[in-house]
Amino acid sequence: MAAFALKLSFLATIFLLLVLISPTKSMLDAHYYDQTCPQAEKIILDTVRNAIVHDPKVPARILRMFFHDCFIRGCDASILLDSNPGNLAEKDGPPNISVRSFYVIDDAKAMLETACPHTISCADVIAIAARDVVAMSGGPYWNVLKGRKDGRVSKANDTINLPAPTFNVTQLIQSFAKRGLEVKDLVALSGGHTLGFSHCSSFEARLRNFSSVHDIDPSMNSEFAEKLRKKCPKTNKDHNAGKFLDSTSATFDNDYYKQLMEGKGVFGSDQALFGDYRTRWIVEFFAKDQSLFFREFASSMVKLGNVGVIENGEVRRKCRVVN
């Protein structure tokens, strides 16, 4: 009897430990605000829609904002915090200088605070807005899991942990694996570049003096490379010069993957996906089947939205500053 009680006590302890270390995604719920702020998603949708009418670059910027937020400290809206005299924040780190449209999140949050004070986290606003810009651009719709809390820490130096446009597939796989994301997630989420734009500085190393053997990156289509060289001349004085990351930049579709198969990936990290056997077959599947890409992208976005969800954060009243 004593042995049975001891065993029961041991099992209870194990159960308690499992509960304590269970994945953070169990905290999130698609219906998290149904009772406390049922109009939240409509408020965010209307704000995003209005912003897109005035600025067609908003979808790409909001989607990138979500990626960059989740990849640093998890999805905690740390990318929204402003720098102050004692701290340079994430949004001012080199990879995030071109992440803009923060005002869209600010506008949505201001209206949410009027409708449902101190209820909707800034982290959830980004996640919902990212879903909305994809859907409004012709891409898939998914139920966003909600209940994230906002972080209180944001450091520009942490942006060094973002995947670089020069990464090879091994580096990309390692970077995504640190966030609990698999190879399929890597290829699917890279498809978000269908809405992307890049300045010359992120890919010009592929266009000239690439290596001691090749002037131009040999994985790049030669005609495509010549077009990029004209857009990005050696003495480039236009700091806004660059290239859309696929040929249908305003539409969320699978053209990105078709471009990779033709050697027209803008980033070296994008083109590498077609050059490596571990990812090539997924690129080919997504290029042939847009509905498959849509399903896998939505699934991977939900998975990305679970990264680093925190329990001891706050719900900021203003997304740019901690309470």
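## A walk around the chain, with a long stop at α11

Of the chain's 323 residues, 48% count as buried (under 20% relative accessible area; exposed is over 50%, partly exposed lies in between, with a 1.4 Å probe and protein chains only). Before you click on anything: this is a predicted model, where local features need pLDDT of at least 70 and side-chain atom pairs count only at pLDDT 80 or more, while totals for chains, interfaces and linings use all residues. Numbering starts from 1 along each chain as its sequence is written, and side-chain values use heavy atoms, with hydrogens and water left out.

**Whole chain.** Show it as a cartoon, and you have twelve helices and two strands to look at (DSSP runs numbered from the N terminus: helices are H or I, at least four residues; strands are E, at least two). From the N terminus on, the order is α-α-α-α-α-α-α-β-α-β-α-α-α-α. The C-alpha atoms fill a box of roughly 75 × 55 × 45 Å along the principal axes. Turn on contacts (heavy atoms within 4.5 Å): of those with a separation of 6 or more, 74% come from residues 24 or more positions apart.

**Select 277–288.** That's helix α11, whose twelve residues should span 16 Å at 1.5 Å a residue; the end C-alpha atoms are 17 Å apart, which agrees (the expected span is 1.5 Å times one less than the number of residues). Now color Thr279, Ile282, Val283, Phe286 and Ala287, the buried ones in α11. They cover an arc of only 135° around the axis, which puts them on the same side of α11 (the arc is that of the directions from the helix axis to the C-beta atoms). Flip to the other side of α11 for Tyr277 and Lys288, both exposed.

What covers those buried residues? Bring up α6 (169–177), α7 (183–190), α9 (255–261), α10 (268–275) and α12 (290–304), which are among the elements that do so.

While you're here, zoom in on the start of α11: a side-chain oxygen of aspartate 276 comes to within 2.8 Å of the backbone nitrogen of arginine 278.

**Two loop stops.** Jump to serine 101, in the loop between α3 (58–73) and α4 (102–115). Serine 101 is not a glycine, yet has a positive phi of about 70°. Is serine 101 buried or exposed? It's buried, at a relative accessible area of 4%.

Last, pick asparagine 209, between β1 (197–199) and α8 (222–231), again in a loop. Asparagine 209 has a positive phi too, about 50°, without being a glycine. This residue is exposed, with a relative accessible area of 59%.

Terms used: Polar contact = N/O pair within 3.5 Å; in protein donor to acceptor, adjacent residues only side chain to side chain.
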